[in-house]
Amino acid sequence: MKRITQAPNLALATLWADLLRQGGFDVSVQRAYASSIAGEIPPDQALPEVWIADDDQVEVARTLLHQLRHPPFRRWVCTGCGELIEGGFSQCWSCGRVLD
């Protein structure tokens, strides 16, 4: 078992773990409730962490997590309604048309 990353809070750690599980990885969140003892131990030691069961998949999981955390920035005009869409979106927020 190896640590993939440390998260700033439990919500993000859980979200990241769920995304990795959807990608087929066996992961778990460790130190989920350690924030309650943050005054007794160094604060960085109380942050939640995402761990993977298979040591051979660490780099692949880190790469996937990086891609999920940094979606490509796009700027496109919807062919359905002419709305300008910016960001990591692949569907128009106005009419629902999917990027061609």
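User: How is the expected span of a helix obtained, and what span does helix α1 reach in this predicted model?

Analyst: The expected span of a helix is 1.5 Å times one less than its number of residues. Helix α1 comprises residues 10-22, that is, 13 residues. From its first C-alpha to its last, α1 reaches 18 Å, close to the 18 Å expected.

User: Which residues of α1 are buried?

Analyst: A residue is called buried when its relative accessible area is under 20%. In α1, this applies to A13, W16, A17 and L20. They lie on the same side of α1, because they cover an arc of only 100 degrees around the axis. The face turned away from that buried side carries A11 and Q22, which are exposed.

User: Against which elements do the buried residues of α1 pack?

Analyst: They pack against strands β1 (2-6), β2 (27-30) and β3, and against α2 (58-69).

User: What is found at the start of α1, and what follows the helix?

Analyst: At the start, a side-chain oxygen of N9 comes to within 3.2 Å of the backbone nitrogen of A11. After α1 comes G24, with a positive phi near 95 degrees.

User: Turning to β3, is E49 buried or exposed?

Analyst: The cut-off for buried is under 20% relative accessible area. E49 has 3% relative accessibility and therefore counts as buried. E49 belongs to strand β3, residues 49-52.

User: Which side chains make polar contacts with that of E49?

Analyst: The side chain of R3 does so at 2.9 Å, and that of R31 at 3.0 Å. Leaving aside residues up to four places away in sequence, E49 also touches others, including T5, Q6, S28, V29 and Q30.

Technical notes. Residues are numbered from 1 along each chain as its sequence is written. This is a predicted model: local features need pLDDT of at least 70, side-chain atom pairs count only at pLDDT 80 or more; totals for chains, interfaces and linings use all residues. Side-chain values use heavy atoms; hydrogens and water are left out. Helices (H or I, at least four residues) and strands (E, at least two) are DSSP runs, numbered from the N terminus. Buried means under 20% relative accessible area, exposed over 50%, partly exposed in between (1.4 Å probe, protein chains only). A polar contact is a pair of N or O atoms within 3.5 Å; within protein, one must be able to donate a hydrogen and the other to accept it, and residues adjacent in sequence count only if both atoms are side-chain atoms. Contact means heavy atoms within 4.5 Å. The arc is that of the directions from the helix axis to the C-beta atoms.
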